[in-house]
Amino acid sequence: MTVESTAASKPRRSSKRTSAVKTPARTSAKTPAKTPAKTPAKTPQRSEPELVQLLTPEGERVEHPDYEIDLTAEELRGLYRDMVLTRRFDAEATALQRQGELGLWASLLGQEAAQIGSGRALRDDDYVFPTYREHGVAWCRGVDPTNLLGMFRGVNHGGWDPNSNNFHLYTIVIGSQTLHATGYAMGVAKDGADSAVIAYFGDGASSQGDVAESFTFSAVYNAPVVFFCQNNQWAISEPTEKQTRVPLYQRAQGFGFPGVRVDGNDVLACLAVTRSALERARRGEGPTLVEAFTYRMGAHTTSDDPTKYRADEERVSWEAKDPILRLRTYLEKQGNADEAFFTALDEESETLGKRVREAVRAMPDPDPMAIFDHAYADGNPLVDEERAQFAAYQASFADSDSAEEGK
C-alpha cells in the first residue's frame with residue numbers, strides 16, 4: 001500500500017528577484033501609460049511523497065507492490081518483544097537521568113519500529129554505524145543495554161568492543177558517522193566481501209556537509225552502504241520544513257542513487273525496505289537512502305524542553321500511530337499472541353528495568369588520572385606535565401582533609 005504523507009508543508013517563498021520594468025519618461029494626461037504587471041516569482045512546489053506501509057495505524061495488514069514480507073507468528077512476536085523491551089529500557093534510562101544517575105540521555109520513544117525493523121534486517125556480518133540514539137539497533141546487535149549507559153554516566157568512552165557485534169561506538173558529532181560508514185563500505189567492496197554497511201542519522205544531520213560528502217563518495221565508488229535517516233520531524237527545535245524544500249529521501253536523486261520513504265512507525269515496512277536496500281548493496285548496486293518517517297515523542301535529550309517549540313496537539317496526533325500498539329492490535333486480531341504472552345512480556349520488561357537500574361548504580365567511578373592515558377601512543381612531555389599537575393591538585397584535597405582531622 002502507498003499512502004500520501006500528511007507532513008508536507010508549504011514551500012518557502014522563492015528568493016529570486018523579478019527584473020525591474022522600465023516606465024516611459026512621458027505619458028499623456030488622457031491616456032496614462034499602463035505599467036506592466038510584475039510576474040510573480042515561481043515558488044518551487046513540493047510533490048507529495050509516497051510512503052511505504054505494510055501495517056496501518058489501525059493494525060490492518062496491507063500489501064505493497066515492491067516490498068513483500070512473510071513472517072511467522074513467532075517472528076512477529078519477536079518484533080513486538082524487541083520494541084517493548086527497548087521502550088522499557090529507554091524509559092528506565094530517562095528515569096535514571098532524572099534521578100541524577102546519568103548526565104544525559106537521548107530517548108528513542110516513538111522510534112522503536114524504525115530501529116527494530118531495520119536492525120532485524122541486518123546479517124551478522126553487516127556493520128552498523130549509529131548516532132547516539134540507536135538503542136533499539138544496539139539491542140538487535142546483541143549489545144548489553146547496560147553497556148550503553150556507561151558513557152552517559154561518565155565512566156567510560158563507549159562501553160563495548162565494536163568488532164564483537166559489528167556495532168560501532170555511539171557518535172556524538174552530528175553526521176560524522178556517515179563518513180565512517182562510507183569509508184568502511186568502500187573497504188568492504190575492495191575486500192570483495194558481500195556484507196553491507198548501514199549508517200544511522202537524523203533529519204537534522206541530513207543538513208550537515210559530512211552527509212553530503214558521504215553521499216558523493218558512496219555514489220562515485222558504488223559503496224555497499226545504506227543510509228538510514230530517521231526523520232522524527234524535529235532537529236532539536238527546528239522542524240524539517242526549515243531544512244529542506246523537498247522530502248529528504250528525494251535528495252538521493254541528486255547524487256545518483258535511489259531513495260525511499262517508509263512509514264517509520266511500521267516495523268514490518270521498515271524491515272522489508274531495509275532488507276531490500278541491504279540486499280541491493282550486497283549485489284554491488286551501490287547505496288540507498290531510506291527515510292523512516294516517524295516522530296520523536298519525547299525530548300531531543302533530557303536537557304531539552306519540547307513544549308517550548310511544538311504543540312501538544314502534534315504529539316497527540318502521532319500517539320495514534322504508536323508502533324507498539326499497532327503491532328499488538330495486529331497480533332490480537334490474527335490470534336498470534338494471547339494474554340499469557342503479554343503478561344509474561346510485562347514481567348520480563350520489569351526484570352530488565354530492575355537489572356539496568358542496579359547495574360548503573362553499581363558502576364565503579366573511573367580513576368581520574370585515566371584521562372591522560374592513551375592520549376598519545378608513545379607518550380608526550382606536555383601530557384606528562386599536565387598529569388603531574390593534576391595529581392598534585394588531587395593530592396591537595398587529601399592534605400586539606402588530613403589537616404582538618406588533626407585540629
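This is a short guided tour of the structure you have open, stop by stop.

Before you start, note that this is a predicted model, in which local features need pLDDT of at least 70 and side-chain atom pairs count only at pLDDT 80 or more, while totals for chains, interfaces and linings use all residues. Residues are numbered from 1 along each chain as its sequence is written, and side-chain values use heavy atoms, with hydrogens and water left out.

**Stop 1: a covered helix**

Select residues 112-119, which make up helix H2. Helices (H or I, at least four residues) and strands (E, at least two) are DSSP runs, numbered from the N terminus. How many residues of helix H2 are buried? Eight of its eight residues are; among them are Glu112, Gln115, Ile116 and Gly119. Here, buried means under 20% relative accessible area, exposed means over 50%, and partly exposed is in between (1.4 Å probe, protein chains only). The areas come from the Shrake-Rupley method, and for residues only the protein chains shown count as cover.

**Stop 2: aromatic rings**

Next, look at the rings. A pair of aromatic rings is described by the distance of the centres and the angle of the planes. Rings of Phe, Tyr and Trp (its six-membered ring) pair if their centres lie within 6.5 Å; planes under 30 degrees apart count as stacked, over 60 as edge-to-face and the rest as tilted. By this rule, there are 24 aromatic pairs. Select Tyr127 and Tyr184 to see a tilted one, with 4.5 Å centre to centre and 35° between the planes. Tyr127 sits in strand S3 (residues 127-129) and Tyr184 in helix H6 (residues 176-191), so this pair links distant parts of the chain, 57 residues apart. Tyr127 is buried because its relative accessible area is 4%, whereas Tyr184, at 38%, counts as partly exposed.

Now move to Phe167 and Tyr170, an edge-to-face pair with 6.2 Å centre to centre and 65° between the planes. Both Phe167 and Tyr170 are buried. Add Phe89, Trp105, Phe152 and Trp160 to your selection, and you have one aromatic cluster together with Phe167 and Tyr170.

**Stop 3: salt bridges**

Side chains of opposite charge can pair when their charged atoms come close. A salt bridge is a side-chain nitrogen of Lys or Arg within 4 Å of a carboxyl oxygen of Asp or Glu, and the structure holds 23 of them.

Select Arg326 and Asp263, whose side chains meet in a salt bridge (2.9 Å, N to O). Arg326 belongs to helix H10 (residues 323-334) and Asp263 to strand S8 (residues 259-263), so the pair ties together parts 63 residues apart in sequence. Arg326 counts as buried at 1% relative accessibility, and Asp263 is buried too, at 5%.

Staying in helix H10, find Arg328 and Glu332, four residues apart, about one turn of the helix. Their closest N and O atoms are 3.1 Å apart, in another salt bridge. Arg328 is partly exposed at 23%, and so is Glu332 at 41%.

For a network of salt bridges, select Arg88, Glu92, Glu350 and Arg357.

**Stop 4: a negative patch**

Finish at the surface with Asp338, Glu339, Asp346 and Glu347, which form a negative patch. Patches are made of residues with over 30% relative accessible area and no salt bridge, with like charges joined within 9 Å. Asp and Glu count as negative. Within the patch, Asp346 lies in helix H11 (residues 339-361) and counts as partly exposed at 47% relative accessibility.

How values were computed. Patch = residues over 30% accessible without salt bridge, like charges linked within 9 Å, V, L, I, M, F, W, Y side chains within 5 Å. Areas by Shrake-Rupley, 256 points an atom, 1.4 Å probe, with all protein chains shown as cover. Charge placed at Lys NZ, Arg CZ, Asp CG, Glu CD.
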